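This report looks at a ligand site and at some unusual backbone geometry. The structure comes first, then the notes.

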Amino acid sequence: MTNLITEWVRPEIRQLNAYHVPPAHKMIKLDAMENPYRWDADLIEQWLNVLREAQLNRYPDPTANSVKGGLRRVMQIPDELDILLGNGSDEIIQLLALTVAEQNRVVLAPEPSFVMYRMIATFTNMLYVGVPLHSTDFSIDLETWLAAIAKHQPALTFIAYPNNPTGNTFSQHEIEKIIQATKGLVIIDEAYEPFSEHSLLSLVSRYPNVLLMRTLSKLGLAGLRLGMLVGSPTWLNEIDKVRLPYNINALTQLSTEFALQHYQVLKKQTEQIKLDRTQLLADLRAIKAVHAWDSQANFILFRVPNAKMVFEHLKQQGILIKCLDGGHPLLANCLRVTVGTADENQAFLTGLKLALANV
Ligand code: PMP
């Protein structure tokens, strides 16, 4: 059996670990940038009534045009741009890579950033090159970027705006320099747009090599798995060819349409999360041993003297956050906490103080 694996599974895949999601049963779950709010009973009732219409014996609408219409409306996507949907934006990253993948072609992204860019480059047999961000404020080091573009001629460049796990946005001027310098495709990943002050959507119409991704996951619909790609019909027609038929299931389509009709509920929750982020940041900064960075997303990155021990201590108290120590060197002793409800944030702060006093 082992021989079969070594013979047939590509070495790059053998070396990987499967994407690990830690068990979180009964824990205060602040590790995955989810919206902490459930819908109220009345809204759940209305949603269940919509689901009764589902025809599970039939394949879902392959175009998912009603969903796209709803997204176009709430996100104000200009008429000249098309929308392509994925099973989360993870699937869209994979579709983009599949469309352009050829051996020795390069995927470029800032480091540290979202791990899927590297993983999907590996899955699709492409080379991944990470360009380090500045160590103090995680801004773009333009000179290093331009050198990396000249050297590697990337087919795909991913820029998360705001960035995960650092929470900052980058200078638009520098992003435009990167777009102008590369002949490849630049993907602006706006997964955290609901929490950010600024969007780069206008760049999609201005540059032929720019596409933009969004997701409903952080907005409060992580369970539905719906991501979207916005771009010119010319590009999206090509990418659509590698999309598997019916990738957006019937329950997701019905639920998304319903949720978008009640977009104000999600919007209100988002506004609350932004307010609570301000409070959580101030509370973190009031703790002497903590260095916390500003955030335009629904999470906060912070550094403590001994991240691994603090993380474990919090876990024992039933509080799950994300430990980034041991990954990228710029994230030594860093932890990332998702903004939860006010009560969850308080429990986390109390737990953190206890952990810091004991490790
Ligand atoms: N982009 C970024 C920057 C992310 O942080 C995430 C989720 N952690 C995603 C994309 C993927 O989101 P989803 O697949 O849930 O749409």
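## Terms and model

Helices here are DSSP runs of H or I with at least four residues, numbered from the N terminus. That numbering gives α5 its name. The model is predicted.

## Annotated domain

The UniProt record, an unreviewed entry, carries the annotation "domain: Aminotransferase class I/classII large". This annotation covers residues 26–349. Over residues 26–349, helix makes up 42% of the chain and strand 17%. The C-alpha atoms at the two ends of this stretch are 18 Å apart.

## Ligand shell

The ligand sits in the largest pocket. Around the ligand there are 14 residues. S89, D189, Y192, T215 and S217 come nearest.

Which helix gives the largest share of the shell around the ligand? That helix is α5, with three residues. Two helices, α5 (88–100) and α10 (217–221), each supply at least two shell residues. By class, the shell is mixed: five residues are nonpolar, five are polar and four are charged.

## Polar contacts and burial

Three side chains are listed here with their distances to the ligand.

- D189: an N or O atom of the side chain is 2.6 Å from a nitrogen atom of the ligand.
- S217: a polar side-chain atom lies 2.6 Å from an oxygen atom of the ligand.
- R225: a polar side-chain atom lies 2.7 Å from an oxygen atom of the ligand.

How much of the ligand's accessible area does the protein cover? On its own, the ligand has 400 Å² of accessible area, and the protein covers 92% of it.

D189 and S217 thus appear twice: both are among the residues that come nearest to the ligand, D189 facing a ligand nitrogen at 2.6 Å and S217 a ligand oxygen at 2.6 Å.

## Backbone geometry

Where do the cis peptide bonds fall? One joins Y161 and P162, with omega at about 0°. P162 lies in the loop between β5 (156–160) and α8 (172–181). Another cis peptide bond joins N164 and P165, with omega at about 15°. P165 also lies in the loop between β5 and α8.

N125 has a positive phi of about 65°. This residue is not a glycine. N125 is found in the loop between α6 (115–123) and β4 (127–132).

Definitions and conventions: Residues are numbered from 1 along each chain as its sequence is written. This is a predicted model: local features need pLDDT of at least 70, side-chain atom pairs count only at pLDDT 80 or more; totals for chains, interfaces and linings use all residues. Side-chain values use heavy atoms; hydrogens and water are left out. UniProt positions are given in the numbering used here, feature names are shortened, and annotations may be inferred rather than shown by experiment. A residue is near a molecule or strand if one of its heavy atoms lies within 4 Å of it. A polar contact is a pair of N or O atoms within 3.5 Å; within protein, one must be able to donate a hydrogen and the other to accept it, and residues adjacent in sequence count only if both atoms are side-chain atoms. Accessible areas come from the Shrake-Rupley method with a 1.4 Å probe; for residues, only the protein chains shown count as cover. On a 1 Å grid over the protein atoms alone, a cavity is a set of points where a 1.4 Å probe fits but cannot get out, and a pocket is an open set with protein on both sides within 12 Å along at least five of seven lines; lining residues have an atom within 4 Å of a point. A molecule sits in a cavity or pocket if more than half of its atoms lie within 2 Å of its grid points. Ala, Val, Leu, Ile, Met, Phe, Trp, Tyr, Cys and Pro count as nonpolar, Asp, Glu, Lys and Arg as charged, and the others, Gly among them, as polar.
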